Amino acid sequence: MNVLIVLGHPRTDSLCGALAEAYREGALEAGCEVRELAVADCEFDPDVREVSPTDQRLEPDLREAQELIRWADHLVFVYPNWWGTMPARLKGFFDRVFTPGFAFVEYDEGEGAGHEGLLSDKTAELLVTMDMPPWVYRWIYRQPGNNAVKRATLGYAGIRTTRITNLGPVAESTPAEREAWLERATELGRDLADGPDSRSTRVRRRTTAWLKALRLQFYPMAWVAYTIGALAAVGSSDVFSSLAYWLGFAFLFCLEAATVLSNEYFDYPTDRENAFAGPFTGGSQVLVDGPLEFDDLRRGIAAALLFAVAAGGAALAVGPGSPVAPAAVMAVLGLLALGYTVPPLELSYRTLGELDVAVTHSTGVLLVGYVLLGGRATDPLPWLLSVPFLLSVLPSITLAGVPDRDADRAAGKETIAVRFGIDGAATVATATAGLACLTALAWMAFDVAGGAYGPLVALSVPHALGLCWLLRDRLWDRTEPARIDGLMAAALSFLSWFGVVPLLNLA
């Protein structure tokens, strides 16, 4: 690892200078290649005097500083906290060195306003001395200087700050305290043997990556359908005290986890090309962005399937009645769920993916809850209950293919949006939203499905009309994909009428 230590104190013979040297010793012990840059020794004008920093000639020392930053994998900034932030000379260094074209690039309105950090392959950490207790600076003053460097400067350039170490109060410190700080700086350098992140940061980032990969925002939909089936079988809320119910839910949770991780694994070619990934589309991007690797996902899929089999087997063992029918339903559900992207089925590549998701997240999980809690798969009740719910899922899963269309097409994935175009996907979403409302109203009018669809479901009609208006306004005649987060939120909330209403009426 290439490490650049930037001493930001205007005097090199300072405590900060000693801390920088101590860190250097530790980093060398960790096997890093280390270079140092003292801002005090650089000759440059700290003020930006032109309209743009790029119009001002860089002094030789600043050109060398940019080359050192390019060389480095990890940047260490050591400086004192003066008046809540960094010394003026270090601020001038940032102003002059972190210039457009080197640290970042900005896009104008014609290309979509925004910016991109150009130093995203680097990490950084801060060692900051101060004349106040660090806890006061953090909790009372809310560490304005740290935030400015971490977020507004380094973060804007794409550099991820892995660790901030605040040391103080310096003015009242004893020789023993300063010696302890130097030893701590040495230990921070030694820690680079395990990478730039601290142990707690590595654990936190790893945990966050797995939570992102699991895409927990989609699990409530399956839980609602499963619980509707269980309530329909038992006939009361006593189902929540059933061990079989909770073990069955554990089976579904683990199966869902295995499914989304499999999708992440096999959809990598399309996720990599997707320019419009969002919270509901384009996968979690954990493989594309790098926090997890293929081996990680393989292990995660295997673990999720193992837990699913264990939980499912336990649910069958304690459930009422014969385990044969529930086992068969659970096996078919698992096959269809994984078959969305997993070979040889690869249903999402055959224009059957949307229907597969709708069936598994409505009829499939509802039927599991019904038969696991004692119902029979041949009873008409669970099938009738699931029809409006199935139809209500189709708008959201169909629209999810709109932002992904070009990437899916490049990867050979035949979604509805790929096969029939964006306006075709909008037509399918409109039609299925209308059918969901009509079916639910018919079930309510003729007291079908045990009265699960009560008068409250009529509120789905204005929601459907609003969704159809949005589809006509935003997707009709559209030929190019784009982010549609608002539309996705409207479509996903639409299906709640067909889950929450039966859930309340059956509980």
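**A first walk through the model**

Hello everyone. Let me start at Pro 344, which sits in the loop between helix H13 (324–338) and helix H14 (353–372). Please keep in mind that what you see is a predicted model. The bond joining Pro 343 to Pro 344 is a cis peptide bond, with omega of about 5°. For background, most peptide bonds are trans.

There is also a cis peptide bond between Gly 168 and Pro 169, and here omega is about 0°. You can find Pro 169 in the loop that runs between E7 and helix H6 (175–190).

That brings us to strand E7 and its sheet. In which order do the five strands of the open sheet run? The order is E2-E1-E3-E6-E7, with parallel pairing. Strand E2 (33–38) and strand E7 (160–167) are at the edges; each has a single partner strand, so one side of each has no neighbour in the sheet. From one strand to the next, the twist averages 15°.

Let's look at one pair in that sheet. Seven bridges link E7 in the parallel sense to strand E6, which covers residues 123–129. If you want a place to put your finger, Thr 123 is opposite Arg 160 of E7.

Now, which strands does helix H2 touch? Helix H2, residues 60–71, packs on the sheet and touches strand E1 (2–7), E2 and strand E3 (74–80). The direction of H2 makes about 150° with that of E2. Inside H2 there is a salt bridge between Arg 70 and Glu 67, whose closest N and O atoms are 2.6 Å apart. These two residues of H2 are three residues apart, about one turn of the helix. For the model, the count of salt bridges comes to 27.

Next, the stretch around helices H4 and H5. Trp 135, Trp 139, Ile 140 and Tyr 141 make up a nonpolar patch on the surface, and together they have about 540 Å² of accessible area. Tyr 141 belongs to the loop between helix H4 (134–140) and helix H5 (144–155). Gln 143 is found in that loop between H4 and H5 too. Gln 143 is not a glycine, yet its phi is positive, at about 35°. Most residues other than glycine have a negative phi.

Last stop: a helix pair. Helix H17 (residues 416–445) packs with helix H18 (residues 460–474) at an angle of about 170°, and their axes are 10 Å apart. Why do we call H17 and H18 roughly antiparallel? Angles over 145 degrees count as roughly antiparallel, and therefore H17 and H18, at about 170°, fit that description. From H17, the contact involves residues including Ala 426, Ala 429, Ala 433 and Leu 441. On the H18 side, Val 461, Ala 464, Leu 467 and Cys 468 are among them.

Thanks for listening!

Definitions and conventions: Residues are numbered from 1 along each chain as its sequence is written. This is a predicted model: local features need pLDDT of at least 70, side-chain atom pairs count only at pLDDT 80 or more; totals for chains, interfaces and linings use all residues. Side-chain values use heavy atoms; hydrogens and water are left out. Two strands pair if DSSP finds at least two bridges between them. Helices (H or I, at least four residues) and strands (E, at least two) are DSSP runs, numbered from the N terminus. Axes are lines fitted to C-alpha atoms, for helices over the stretch in contact, and angles run from 0 to 180 degrees between N-to-C directions. Contact means heavy atoms within 4.5 Å. Patches are made of residues with over 30% relative accessible area and no salt bridge: like charges are joined within 9 Å, nonpolar side chains (Val, Leu, Ile, Met, Phe, Trp, Tyr) within 5 Å. Accessible areas come from the Shrake-Rupley method with a 1.4 Å probe; for residues, only the protein chains shown count as cover. A salt bridge is a side-chain nitrogen of Lys or Arg within 4 Å of a carboxyl oxygen of Asp or Glu. Angles under 35 degrees count as roughly parallel, over 145 as roughly antiparallel, 65 to 115 as roughly perpendicular and the rest as oblique.
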